[in-house]
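Work through the exercises below with the sequence and the model open. Try each task before reading its solution.

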Amino acid sequence: MIRSVDADGIRIGENVYDRTIALTVDTVLEDPIGKAVGELSEEDFAELLDASPEVIVLGTGTTNIFPPRELVFAMARRGVGFEAMDTAAAARTYNVLAGEGRQVAAILYL
């Protein structure tokens, strides 16, 4: 579970990550993507998609940034729910879904 998101980073357990991370209910991947949100493509999510998530939550930093439309369509074609929101909201959403036992993954930009 994600404990907090603030200016110091993303706290998961006792670890604080001060850069973009990707996570599933089993794994944290540090520095998974070196691109801006607006440049993301389906290929950037390959490692997360290997975990067969029902939903991917994209935390876009301190403000909500819309991802490319083609990325949204690609996730829909795969049958994967895809939601983009600011990172604090994404962390809360991830925690709720994981707490419900859902197969959820996230990419969280700081």
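**Exercise 1. The main core**

Task: In this predicted model, find the residues with the most contacts inside the largest nonpolar core, and state which elements supply this core.

Solution. Step 1: The largest nonpolar core has 18 residues, and those with the most contacts inside it are Ile-2, Ile-12, Ile-21, Leu-23, Val-57, Tyr-94 and Leu-108.
Step 2: At least two core residues each come from strand 2 (9–12), strand 4 (21–24), strand 6 (55–60), helix 3 (87–99) and strand 8 (104–109).
Step 3: Helix 3 gives the largest share, six residues.
Step 4: A second core, separate from this one, has 17 residues, including Leu-29, Leu-40, Leu-49 and Val-80.
As background, nonpolar side chains tend to be buried together in soluble globular proteins.

**Exercise 2. Strand 6 and its partners**

Task: Decide whether the two faces of strand 6 are covered or open, and list the strands joined to strand 6 by bridges.

Solution. Step 1: Count the buried residues: six of the six in strand 6 are buried.
Step 2: Sort them by side. In a regular strand the side chains alternate between the two faces of the sheet. Val-55, Val-57 and Gly-59 lie on one side of strand 6, with Ile-56, Leu-58 and Thr-60 on the other, and all are buried, so both faces are covered.
Step 3: Look for pairing. Strand 6 runs parallel to strand 7 (residues 81–85), with five bridges between them, and Val-55 stands opposite Gly-81. Between strand 6 and strand 7 the chain passes through helix 2 (residues 69–78), in a right-handed β-α-β crossover.
Step 4: Strand 8 is also parallel to strand 6, through six bridges; here Val-57 has Ala-106 as its bridge partner.
Step 5: Check the contacts of Val-57 beyond its neighbours within four places in sequence. Among them are Glu-83, Met-85, Ala-90, Thr-93, Leu-97 and Ala-106.

**Exercise 3. The two sides of helix 2**

Task: Explain why the buried residues of helix 2 line one face of the helix, and name what they pack against.

Solution. Step 1: Leu-71, Ala-74 and Met-75 are the buried residues of helix 2.
Step 2: Viewed down the axis of helix 2, the buried residues fall within an arc of 95°, so they line one face. The general rule is that an α-helix has 3.6 residues a turn, so residues three or four places apart point the same way.
Step 3: The buried residues pack against helix 1 (46–49), strand 6 and strand 7.
Step 4: On the other side of helix 2, Arg-69, Ala-76 and Arg-77 are exposed.
Step 5: After helix 2 comes Gly-79, with a positive phi near 80°.

**Exercise 4. Salt bridges**

Task: State how many salt bridges the whole structure has, and give the exposure of the residues in the Arg-77 and Glu-70 pair.

Solution. Step 1: The search of the whole structure finds seven salt bridges.
Step 2: Arg-77 and Glu-70 meet through their side chains at 2.5 Å, N to O. Arg-77 is exposed, at 58% relative accessible area, whereas Glu-70 is partly exposed, at 46%.
Step 3: For another pair, take Asp-18 and Arg-19, whose salt bridge is 2.5 Å, N to O. Asp-18 is exposed at 53%, and Arg-19 is partly exposed at 32%.
Step 4: Arg-102 and Glu-100 form a salt bridge of 3.9 Å, N to O. Glu-54, Glu-100 and Arg-102 are linked in a network of salt bridges.

Methods. Residues are numbered from 1 along each chain as its sequence is written. This is a predicted model: local features need pLDDT of at least 70, side-chain atom pairs count only at pLDDT 80 or more; totals for chains, interfaces and linings use all residues. Side-chain values use heavy atoms; hydrogens and water are left out. A nonpolar core is a set of buried Ala, Val, Leu, Ile, Met, Phe, Trp, Tyr and Cys residues joined through side-chain atoms within 4.5 Å. Buried means under 20% relative accessible area, exposed over 50%, partly exposed in between (1.4 Å probe, protein chains only). Helices (H or I, at least four residues) and strands (E, at least two) are DSSP runs, numbered from the N terminus. Contact means heavy atoms within 4.5 Å. Two strands pair if DSSP finds at least two bridges between them. A crossover is right-handed if, with the strands pointing away from the viewer, the path from the first strand over the helix to the second runs clockwise. The arc is that of the directions from the helix axis to the C-beta atoms. A salt bridge is a side-chain nitrogen of Lys or Arg within 4 Å of a carboxyl oxygen of Asp or Glu.
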